[in-house]
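Reader: Please take a close look at one part of this model, the salt bridges and what surrounds them. Keep it brisk.

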Amino acid sequence: QVQLVESGGGLVQAGGSLRLSCAASGNIFSINVMGWYRQAPGNKRELVGIITSGGSISYGEFVKGRFAISRDNAKNTVYLQMNSLKPEDTVVYYCYAAIKTSSSVRVNDYWGRGTQVTVSS
């Protein structure tokens, strides 16, 4: 089994910063992509940022230089540094990883449980 455990969410004032972390554990053979999505109630889950094992990065259009994603392959951990936070960034953030386990020939998608980020105005 694979688990993604997020940490680092919480309450911050507008203009402040937070750093999210997500560690993958379990029967992992390789992790192709790790990243973050977010979802507000009633809305579709949207891309925040993803990073491949080789370091290629993609961000959602709304990020506009405010967030930075990074990854520690040795620790199977992905980070999201969020700066200049706005009240509209108040949503649940979900960790994502595309993982091949030792017992599977396929790469499967895995999700964390989510961490709440609240930005006060």
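Author: **The salt-bridge network**

Salt bridges link Arg38, Glu46, Arg66 and Asp89 into a network. The model is a predicted one. A search of the whole structure turns up 3 salt bridges.

Start with Glu46. Its side chain meets that of Arg38 in a salt bridge, at 2.7 Å from N to O. Glu46 is partly exposed because its relative accessibility is 33%, and buried would require under 20%. Arg38 falls on the other side of that cut-off. Its relative accessibility is 7%, so Arg38 counts as buried.

Now move to Asp89. Asp89 forms a salt bridge with Arg38, and the closest N and O atoms lie 2.9 Å apart. This pair links distant parts of the chain. Asp89 sits in the loop between β8 (77-82) and β9 (91-101). Arg38 belongs to strand β4, residues 28-39. The two are 51 residues apart. Both Asp89 and Arg38 are buried. For Asp89 the relative accessible area is 1%, so this residue counts as buried.

Arg66 comes next. Arg66 forms a salt bridge with Asp89, with 2.7 Å between the closest N and O atoms. Again the pair links distant parts of the chain. Arg66 lies in the loop between β6 (57-59) and β7 (67-72), while Asp89 is in the loop between β8 and β9. Here the separation is 23 residues. Arg66 has a relative accessible area of 10%, and therefore it is buried.

Read as a path, the network runs from Glu46 to Arg38, from Arg38 to Asp89, and from Asp89 to Arg66.

The loop that holds Arg66 leads to β7. Side chains alternate along this strand. Phe67, Ile69 and Arg71 point to one face and are buried. Ala68, Ser70 and Asp72 point to the other face and are not buried.

β7 also pairs with β8. The two strands run antiparallel, and 6 bridges join them. Arg71, one of the buried residues of β7, stands opposite Val78 in β8. Together β7 and β8 form a hairpin, with 4 residues between the strands. In the turn, Asn76 has a positive phi of about 50°. Beyond β8 comes the loop to β9, where Asp89 sits. Asp89 brings the account back to the network, with its salt bridges to Arg38 and to Arg66.

Notes. Residues numbered from 1 in each chain as written. Predicted model: local features only at pLDDT ≥ 70, side-chain atom pairs only at ≥ 80, totals over all residues. Heavy atoms only, no water. Salt bridge = Lys/Arg side-chain N within 4 Å of Asp/Glu carboxyl O. Buried < 20%, exposed > 50% of the residue type's maximum accessible area, 1.4 Å probe, protein only. Pairing = 2+ DSSP bridges.
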